Amino acid sequence: MSSRTFFVGGNWKMNGDKKSLGDLITTLNTASLNDETEVVCGAPTVYLDFARSNLDARIGVAAQNCYKVAKGAFTGEISPVMIKDCGVEWVILGHSERRHVFGESDELIGQKVAHALESGLGVIACIGEKLEEREAGTTEEVVYAQTQAIADNVKDWSKVVLAYEPVWAIGTGKTASPEQAQEVHEKLREWMKANVSEAVADSVRIIYGGSVTGANCKELGSQNDVDGFLVGGASLKPEAVGFLKL
C-alpha cells in the first residue's frame with residue numbers, strides 16, 4: 001500500500017448560494033468521513049469566509065484561483081494573502097476552465113503556483129489534455145509540458161497535489177477508464193522521477209478528475225498511482241451522487 005494520504009477535493013465552481021451551500025456544509029459536517037482521507041472543498045471566492053467559518057475543521061477549504069502577486073491594480077483578482085486571511089489553506093490553480101475559457105498560459109499558471117507556495121498556501125495544480133490532443137496521440141507531450149511549467153516553480157512538493165483532469169472528461173459524463181487514468185498517472189510519476197527526484201515521485205499525490213461519481217470512484221481509486229480525486233458536479237450533491245462515498 002502507498003503511504004500517500006488519499007486526497008478528495010470538491011470543486012464547487014461557480015455554483016451555490018448561502019442556503020444551498022449551507023445545507024451542503026451541514027451534510028458534510030455530519031457525515032462519517034474516512035480519517036485516512038484528506039477532504040478539501042473549493043468554494044467560490046465570495047463564499048470562502050462562509051465556507052471556512054462553517055465547515056468542520058477536519059475539512060479543508062480551497063480558493064478556485066488566485067493571482068501571481070500580493071496586491072495591486074488587478075481588478076477582479078484575489079491574492080494568496082487574502083485567501084489566507086479568510087483562514088483558507090489551499091488554492092486550485094491551472095484548472096482547464098482557467099486555461100481554456102480564460103486563456104491562462106502555462107507560464108502564468110507557473111507564476112501563480114510559485115507565489116501561492118511562497119505565501120504559504122497548498123496548491124492543487126491541474127493538468128490535462130483536450131480530446132483532439134488525446135486523439136492525436138500527444139497526451140504525454142501536453143501533460144509533461146504543463147507539469148514542467150509547474151515543477152519549475154515548486155521548491156516544496158509536500159504542499160502540492162497534482163490533479164490530472166483530461167479535459168474531454170470534465171462535465172461531459174465521459175470518464176477515463178481506470179486503465180487510462182492509471183497509465184497517465186504512472187507516466188507522470190515516471191516523469192517526476194526523471195525530472196524532479198525519486199523521493200518526490202514517490203511522495204507526491206496525483207489525483208484524478210473528470211466526471212468522477214460514487215459509482216465509478218472505487219475502481220478508479222484502486223489504481224496504484226491514483227491517490228484521490230478532484231470532483232466537480234458530484235461534490236455539490238453528496239448524498240445523491242456519492243461524494244461522501246468517495
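Helices and strands here are DSSP runs, helices of at least four residues and strands of at least two, numbered from the N terminus. With that in hand, let's walk through this predicted model.

**Stop 1: the whole chain**

Show the protein chain as a cartoon and you should find 11 helices and eight strands. The radius of gyration is 17 Å, close to the 18 Å that the globule rule gives for 246 residues, so the chain is as compact as a globular protein of that length. Turn it around: along its principal axes the C-alpha trace spans about 45 × 45 × 35 Å. Switch on a surface if you like; the accessible area comes to about 11400 Å², with 49% of that belonging to carbon and sulfur atoms. Of the 246 residues, 52% count as buried. As for how the chain folds back on itself, take the contacts between residues at least 6 apart in sequence: 71% of them join residues at least 24 apart.

**Stop 2: the barrel**

Now colour the strands. Eight of them close into a barrel, going round as β1-β2-β3-β4-β5-β6-β7-β8 with parallel pairing. Neighbouring strands in this sheet are turned by 25° against each other on average, ignoring direction.

**Stop 3: strand β6 and its partners**

Select 160-164, which is β6. How many of the residues of β6 are buried? Five of its five. Show side chains and look at both faces: V160, L162 and Y164 sit on one side, V161 and A163 on the other, and all are buried.

Add β5 (122-127) to the selection. Five bridges join β5 to β6, and the two run parallel. To see one of these pairings, pick V123, whose bridge partner in β6 is V160. On to the β6 and β7 pair, which is also parallel, over four bridges. Here Y164 has Y208 in β7 as its bridge partner.

**Stop 4: β7, β8 and the helix on the sheet**

Keep β7 (residues 205-209) on screen and add β8 (residues 228-231): these run parallel and are joined by two bridges. G209 is a good residue to click, with L230 as its bridge partner in β8. Next bring in helix α8 (residues 178-195), which packs on the sheet and touches β5, β6 and β7. Its direction makes about 150° with that of β7.

**Stop 5: two loop residues**

Follow the chain out of β7 and select G214, in the loop between β7 and α10 (217-221). Is G214 buried or exposed? It has a relative accessible area of 4%, so G214 is buried. Draw a C-alpha to C-alpha distance from G214 to P238: they are 24 residues apart in sequence and 9.0 Å apart in space.

Then go to K130, in the loop between β5 and α6 (131-135). K130 has a relative accessible area of 27%, so this one is partly exposed. Leaving aside residues up to four places away in sequence, K130 touches H100, V167 and W168. Try a C-alpha to C-alpha distance to I109 as well: K130 and I109 are 21 residues apart in sequence and 17 Å apart in space.

**Stop 6: a pair of helices**

Finish with helix α5 (residues 106-118) and helix α7 (residues 139-151), whose axes come within 8 Å and cross at roughly 35°. The crossing of α5 past α7 is right-handed. Which residues meet there? Show D106, G110 and V113 from α5, together with A145, Q146, A149 and I150 from α7.

Definitions and conventions:
Residues are numbered from 1 along each chain as its sequence is written. This is a predicted model: local features need pLDDT of at least 70, side-chain atom pairs count only at pLDDT 80 or more; totals for chains, interfaces and linings use all residues. Side-chain values use heavy atoms; hydrogens and water are left out. Two strands pair if DSSP finds at least two bridges between them. Axes are lines fitted to C-alpha atoms, for helices over the stretch in contact, and angles run from 0 to 180 degrees between N-to-C directions. Contact means heavy atoms within 4.5 Å. Buried means under 20% relative accessible area, exposed over 50%, partly exposed in between (1.4 Å probe, protein chains only). The radius of gyration is taken over C-alpha atoms; the globule rule is 2.2 Å times the number of residues to the power 0.38. Accessible areas come from the Shrake-Rupley method with a 1.4 Å probe; for residues, only the protein chains shown count as cover. A crossing is left-handed if the near helix is turned anticlockwise from the far one by less than a right angle, and right-handed if clockwise.
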